[in-house]
Amino acid sequence: MKKSIKLKELRQLNNLRSCSYCSLQNLLRYTEADYYYSNAYGWRFDVYCINGLTIISGYDSIKQATKLTAIEEYDKKAEEVLRSVKTYNEAKKQLDALLEDFCNINR
């Protein structure tokens, strides 16, 4: 279950990377966010801590976060996995492997 995080706490995390809302929706399909951030205007973004990266995905980001690379390429690969694989366990296994590769190229 994801927990709320304050910006001050978020800035202390390592390897901050960001992407826009839904740009990794297929790749992160079976990955639950660790944190979320909201303000007076409502939900702003989710935070995923994966393989040494802190990925911020949502409407906003923070200045310290670097933009992720190869987003479209890996999300398209994840979409193909989701369309071709019929079982949850096999799809999760393949998506986890893709996510690990994605994190490695974004370190």
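Strand 2 covers residues 16-20, and four of its five residues are buried, so you can think of this strand as mostly covered. Keep in mind that you're looking at a predicted model. Strand 2 is a handy place to start, since it pairs in the parallel sense with strand 5 and also runs parallel to strand 6. From there we can step back to the whole chain, then zoom in on charged pairs, cysteines and one loop residue.

**Strand 2 and its partners**

- Five bridges hold the pairing between strand 2 and strand 5.
- Two bridges join strand 2 to strand 6.
- Which residue of strand 5 is the bridge partner of arginine 17? That's isoleucine 55.
- Arginine 17 has a bridge partner in strand 6 as well, namely threonine 66.

**The whole chain**

- The protein chain contains three helices and six strands.
- If you walk along the sequence, you meet them in the pattern β-α-β-β-β-β-β-α-α.
- How does the radius of gyration of the protein chain fit with a compact globule? With 107 residues, a compact globule would come out near 13 Å, and the protein chain has 14 Å, so the two agree.
- The C-alpha trace spans about 40 × 25 × 20 Å along its principal axes.
- Among the 107 residues of the protein chain, 39% count as buried.
- Take the contacts with a separation of 6 or more: residues 24 or more positions apart account for 68% of them.
- The protein chain exposes about 6,700 Å², and carbon and sulfur atoms supply 46% of that area.

**Salt bridges**

- Side chains of opposite charge can pair when their charged atoms come close.
- How many salt bridges are there? The count comes to five, and here are some of them.
- Aspartate 46 and lysine 2 form a salt bridge through their side chains, at 3.0 Å from N to O. This pair links distant parts of the chain, 44 residues apart: aspartate 46 is in strand 4 (residues 42-50), while lysine 2 is in the segment before strand 1 (3-4).
- Is aspartate 46 buried or exposed? Aspartate 46 has 11% relative accessibility, and buried means under 20%, so aspartate 46 counts as buried.
- Lysine 2, at 31% relative accessibility, counts as partly exposed.
- Glutamate 79 and arginine 83 also meet in a salt bridge, with 2.8 Å from N to O. Both are in helix 2 (residues 71-84), and because they're four residues apart there, about one helical turn separates them.
- Glutamate 79 is partly exposed, with a relative accessible area of 29%.
- Arginine 83 has a relative accessible area of 63%, which is over 50%, so arginine 83 is exposed.
- Another salt bridge joins the side chains of aspartate 96 and lysine 92, at 3.3 Å from N to O. These two are in helix 3 (residues 88-105), and since they're four residues apart, they're separated by about one helical turn.
- Aspartate 96 is partly exposed at 34% relative accessibility, and lysine 92 is partly exposed at 24%.

**Cysteines**

- How many disulfides turn up? The count is zero.
- Cysteine 19 is in no disulfide, and its nearest cysteine sulfur, the one of cysteine 22, is 9.5 Å away.
- Cysteine 22 is in no disulfide either, with the sulfur of cysteine 19 as its nearest, 9.5 Å away. A disulfide needs the two sulfur atoms within 2.5 Å, so a pair at 9.5 Å doesn't qualify.
- Cysteine 19 counts as buried, at 6% relative accessibility.
- Cysteine 22 is partly exposed, with a relative accessible area of 35%.

**A loop residue: glutamine 64**

- Where is glutamine 64? Look in the loop between strand 5 (53-58) and strand 6 (66-67).
- Glutamine 64 counts as partly exposed, at 44% relative accessibility.
- If you leave aside its neighbours within four places in sequence, glutamine 64 is in contact with Arg11 and Leu16.
- Glutamine 64 and alanine 40 are 24 residues apart in sequence, and their C-alpha atoms are 22 Å apart in space.

Definitions and conventions. Residues are numbered from 1 along each chain as its sequence is written. This is a predicted model: local features need pLDDT of at least 70, side-chain atom pairs count only at pLDDT 80 or more; totals for chains, interfaces and linings use all residues. Side-chain values use heavy atoms; hydrogens and water are left out. A salt bridge is a side-chain nitrogen of Lys or Arg within 4 Å of a carboxyl oxygen of Asp or Glu. Buried means under 20% relative accessible area, exposed over 50%, partly exposed in between (1.4 Å probe, protein chains only). The radius of gyration is taken over C-alpha atoms; the globule rule is 2.2 Å times the number of residues to the power 0.38. Contact means heavy atoms within 4.5 Å. Accessible areas come from the Shrake-Rupley method with a 1.4 Å probe; for residues, only the protein chains shown count as cover. Two strands pair if DSSP finds at least two bridges between them.
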